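Please look through the sequence and the 3D structure shown below. The text after them starts with the aromatic rings and works outwards to the whole chain.

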Amino acid sequence: MDDKEKEKEKVKEKHADGIDVVEEEEDEEGNKRIVVLGPQVPLKEQLELDKDDESLRRWKEQLLGQVDTEQLGETAEPEVKVLNLTILSPGRSDLVLPIPFQADEKGYAFALKDGSPYSFRFSFIVSNNIVSGLKYTNTVWKTGVKVENQKMMLGTFSPQLEPYVYEGEEESTPAGIFARGSYSAKLKFVDDDGKCYLEMSYYFEIRKEWPAGTQ
């Protein structure tokens, strides 16, 4: 065990309750040091602290936005529920896909036309506590070969009743006969602490034309 690990063990022994958050940070000279941030507590409890301090209350309100304390849970762990994914393509009706996806008779969650512009829009709800550094990854394979690995940082969000909406940048599906066919994919939402809120595998198809019955 090296000196760094020994120092971490000493910190853990000193804070034997096991609920203190221990992180490393670098000083101005680039030397790493261990910092104890203190225990993670429910947001409801945090808002109750120093509630008689007017200036501190205003600062918290500005930081957190319009948080409905009646909707806060008693747990310190945030919760994120991804409600749906919407596929947008110019000149076509939005395709709203509830999560988890419902596959068609061929096993596909959706189908896209090759060489067409599109973008994704996610809707999600945050509850209980602030979620820090929420991000998603979407990895795509064709015939077992990875063809895309998209990673996007969404940000930090406080709990609220109304869903948050994120819309990605417009892209285009690959074009040509070799681009058409079946694709497999995995969608994942995680935060800075590595907590996973959604991990979902699905299949989709790229066709020569848009599916019949869609506008």
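**Aromatic pairs and the core**

The count of aromatic pairs comes to 14, where rings of Phe, Tyr and Trp (its six-membered ring) pair if their centres lie within 6.5 Å, and planes under 30 degrees apart count as stacked, over 60 as edge-to-face and the rest as tilted. In one of them, the ring centres of F101 and F110 are 6.4 Å apart and the planes stand at 85°, so this pair is edge-to-face. Both F101 and F110 are buried; buried means under 20% relative accessible area, exposed over 50%, and partly exposed in between, with a 1.4 Å probe and protein chains only.

The model is predicted: local features need pLDDT of at least 70, side-chain atom pairs count only at pLDDT 80 or more, and totals for chains, interfaces and linings use all residues. Residues are numbered from 1 along each chain as its sequence is written, and side-chain values use heavy atoms, with hydrogens and water left out.

F122 and F189 make another pair: their ring centres are 5.3 Å apart and their planes are at 85°, so they too are edge-to-face. F122 lies in strand β6 and F189 in strand β11 (residues 181-190), so the pair ties together parts that are 67 residues apart in sequence. Helices (H or I, at least four residues) and strands (E, at least two) are DSSP runs, numbered from the N terminus. F122 has a relative accessible area of 2%, so it is buried. F189 is buried because its relative accessibility is 0%.

Which residues form one aromatic cluster? They are F101, F110, Y183, Y202 and F204. Y183 also has a charge over its ring: the charged end of K142 sits 5.6 Å from the ring centre. A charge sits over a ring if NZ of Lys or CZ of Arg is within 6 Å of the ring centre and within 35 degrees of the ring normal.

Several of these residues return in the largest nonpolar core, which has 34 residues; F101, F110, F122, F124, L134, F189 and Y202 have the most contacts inside it. A nonpolar core is a set of buried Ala, Val, Leu, Ile, Met, Phe, Trp, Tyr and Cys residues joined through side-chain atoms within 4.5 Å. Among the elements that give two or more residues to this core are β3 (79-88), β5 (110-113) and β8 (145-157). β12 gives the most, with 6 residues.

Now consider strand β9 (residues 164-167). Y164 and Y166 point to one face and are buried, while V165 and E167 point to the other and are not. In a regular strand the side chains alternate between the two faces of the sheet. β9 runs antiparallel to β6 (residues 117-127), and 4 bridges join the two; strands pair if DSSP finds at least two bridges between them. V165 in β9 is the bridge partner of S123. Leaving aside neighbours within four places in sequence, F122 is in contact with residues including Y164, V165 and Y166, where contact means heavy atoms within 4.5 Å.

V140 is in strand β7. V140 is buried because its relative accessibility is 4%. Its C-alpha atom is 6.7 Å from that of K186, although the two residues are 46 apart along the chain.

Finally, the whole protein chain has 3 helices and 12 strands. Of its 215 residues, 34% count as buried.
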